[in-house]
Every structure is written in C-alpha cells, then in structure tokens.
Amino acid sequence: MVLLKRLLCVFFVLFPLLSFADLRIVSLAPNVTEILFKIGAGKDIVGVTDRCDFPPEAYQLPEVGSYFRPSLEKILMLNPTHVIGMREGYTKQLKEKLDEYGITNRFYQVKDYEDIITMVTDIGDLLGKPVEELTENIRSVFAKNHFDEIKTAVFLINTKPAYAVGGGNFVDDIMKCAGLKNLFGDDNKTFPQVSYERVFQLAPEYIIVAKRHGSANDISFFRKKIEQFDRDITIIEIEPNIFLRPSYRITDACKILRKQLSK
C-alpha cells in the first residue's frame, strides 16, 4: 500500500509534465505565433500562416495557407496536437474537423488590451507555460496613464481611402497608454471610414499613420492634404505589425508612441 501511494504521488507530479512533452502546435494567426515564441513554445510550432513573420524564426516554419483561409489538409498533414488561431480565421467546418480528429483547438476574439491578457493567460494554461510575468508587464505598462497633458490624435490605419481607429479597442488603448485622446474614440466602429474634411475639422495635434508596403505615395498624398487644409499637424508613421496585432507587443507600441510624443 505504501509503495502504491508513492507511485501515485510520482504519477501526479509527472503527469502535467508528460502531457505537454510532445506538443505539436499549428498557429493560424501572426499574433498567436508571436505569443507562442515569447512564452517559450516556439520549438513546439510545426505550422503557421503566410502572415506569420515575427519573430524571424517563424519564416522557417511550414505554411498551412492564408490567415483568412488556412488549408485543413495541410494542417492535418502536420499531425498537430493543438491548433490555435483567431476568430477572423475561424470557420465552423474547420473547428468541427479539428474536433473530429481529436485536435485541441482555440479561436480567440480580442477587443481591448484586457482581452489580450486573457488570451495570453489561456494559451499559457493550455500549453503549461508560465505567463504571469508577461501579463503583469502588459498590465503595468497600460496602468501608467497619468499625464500632465493629454494630446489629441487621429490614428489612420489607411489613408486612401481613410480609415481611422474608433473607440473601445486595443489600438485605442495604446493611444490612451501613450497619453493621447483619440478624436474618433466615441465611434463604436473599430475602424470607421472617415473623410479628410472630418479629420481636419477635428484639428488633431497628431495624426498617426500606419506604414504600408508600397504606400509611400499615399503618405505623400496625405501630407499634401494637410498643406491644402493649412493645418499644423505632426505626422507619426508607425509599423502596423507592432500596433495593429493583438499581441504582447502592444507594450512596445505604447512605449514607441510615448517616445515619439516626447520629441
């Protein structure tokens, strides 16, 4: 009886470790890939989508299709134990097939930075990875929202046509974290389409513009618009992959924006 008790004790100590020993993860979203590498699960990733480009090691992994249309066949060929993605790349058929094959799967929906913390926590629990330090860092950075002066800004994720960041989402949270008032923060749409006339009518002190591949002409076009409307506005160009992905890198985004505002 004593021996049996000892064996049971050993089993319950080792079982959590054994259950995570042979992880094979397919990531269906670039932000998920970033998180997996950050929490120490990068070595367990066996497949990613075509948009998974950070960290650089992600480029070396097999692709299973696009972010919005991953290939079920390619996923199954990799024999994954876990498939993790976002609701944007989710289909009922995909989930049903993953469930049918007994593959653990999660598809997250994120709105604000608190949802990112919840997602990171859940992924950590799912894979047996410690994430407390990471989530506490996110929370501490976004808790520092006490500024002597609040600047006004419009954040454009696209310039032609112009789409701005609305309120109640994690990009809006990044702006608040940096000490900015989002002049479209009262809009309940995540990314409302806006007119240049409306942007300049609001007279922001800053316009944040997401850089896009091949969009240099769009930025030039936008600068001409500023001159046309005769407004004294500072333009800040940012890297969209850091600012527009719901990942732990939102802390980097906040710090980058704070530094830009201090110049």
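Two rings of Phe, Tyr or Trp (for Trp, the six-membered ring) make a pair when their centres lie within 6.5 Å; planes under 30 degrees apart are called stacked, over 60 edge-to-face, and the rest tilted. Searching the whole structure with that rule turns up four aromatic pairs.

This is a predicted model, where local features need pLDDT of at least 70 and side-chain atom pairs count only at pLDDT 80 or more, while totals for chains, interfaces and linings use all residues. Residues are numbered from 1 along each chain as its sequence is written, and side-chain values use heavy atoms, with hydrogens and water left out.

**Figure 1. The whole chain, before we zoom in.**
The protein chain has eleven helices and nine strands; these are DSSP runs numbered from the N terminus, with helices (H or I) of at least four residues and strands (E) of at least two. Of its 263 residues, 46% count as buried. Buried means under 20% relative accessible area, exposed means over 50%, and partly exposed is in between (1.4 Å probe, protein chains only). Now for contacts, which means heavy atoms within 4.5 Å: among those between residues at least 6 apart in sequence, 62% join residues at least 24 apart.

**Figure 2. Tyr 90 meets Phe 107 edge-to-face.**
The ring centres of Tyr 90 and Phe 107 are 5.2 Å apart, with 70° between the planes. Tyr 90 sits in the loop between strand 3 (82–86) and helix 4 (92–100), and Phe 107 belongs to strand 4 (residues 104–108), so the pair ties together parts 17 residues apart in sequence. Tyr 90 is partly exposed, at 24% relative accessible area, whereas Phe 107 is buried at 13%. Tyr 90 has another partner too: the charged end of Arg 87 sits over its ring, 4.2 Å from the centre. To count as sitting over a ring, NZ of Lys or CZ of Arg must be within 6 Å of the ring centre and within 35 degrees of the ring normal.

**Figure 3. Phe 155 and Phe 243 form a tilted pair.**
Here the centres of Phe 155 and Phe 243 are 6.2 Å apart and the planes make an angle of 55°. This pair links distant parts of the chain, with Phe 155 in strand 5 (residues 151–159) and Phe 243 in helix 10 (residues 240–243), 88 residues apart. Both Phe 155 and Phe 243 are buried.

**Figure 4. Arg 249 lies over the face of Phe 54.**
Look for the ring of Phe 54: Arg 249 is 3.7 Å from the ring centre.

**Figure 5. Helix 7 packs against helix 11.**
Helix 7 (residues 170–177) and helix 11 (residues 250–261) have axes 8 Å apart and an angle of about 40° between them. Axes are lines fitted to C-alpha atoms, for helices over the stretch in contact, and angles run from 0 to 180 degrees between N-to-C directions. Under 35 degrees is roughly parallel, over 145 roughly antiparallel, 65 to 115 roughly perpendicular, and the rest oblique. Helix 7 and helix 11 are therefore oblique to each other. Their crossing is right-handed, a term for the near helix being turned clockwise from the far one by less than a right angle (anticlockwise would be left-handed). Phe 170, Ile 174, Met 175 and Cys 177 of helix 7 meet residues of helix 11 including Ile 250, Ala 253 and Leu 257.

**Figure 6. Helix 5 and helix 6, with Lys 129 in the loop between them.**
Helix 5 (113–127) and helix 6 (132–143) pack at about 170°, with axes 9 Å apart. That makes helix 5 and helix 6 roughly antiparallel. Among the residues in contact are Tyr 113, Ile 117 and Val 120 of helix 5 and Leu 134, Ile 138 and Phe 142 of helix 6. In the loop, Lys 129 counts as buried at 18% relative accessibility. Leaving aside neighbours within four places in sequence, Lys 129 contacts Ile 39, Gly 40, Ala 41, Lys 43, Asp 44 and Gly 124.

**Figure 7. Thr 49, a buried loop residue.**
Thr 49 lies in the loop between strand 2 and helix 3, and its relative accessible area is 0%. Not counting residues up to four places away in sequence, Thr 49 touches several others, including Ser 27, Pro 30, Glu 63 and Tyr 67.
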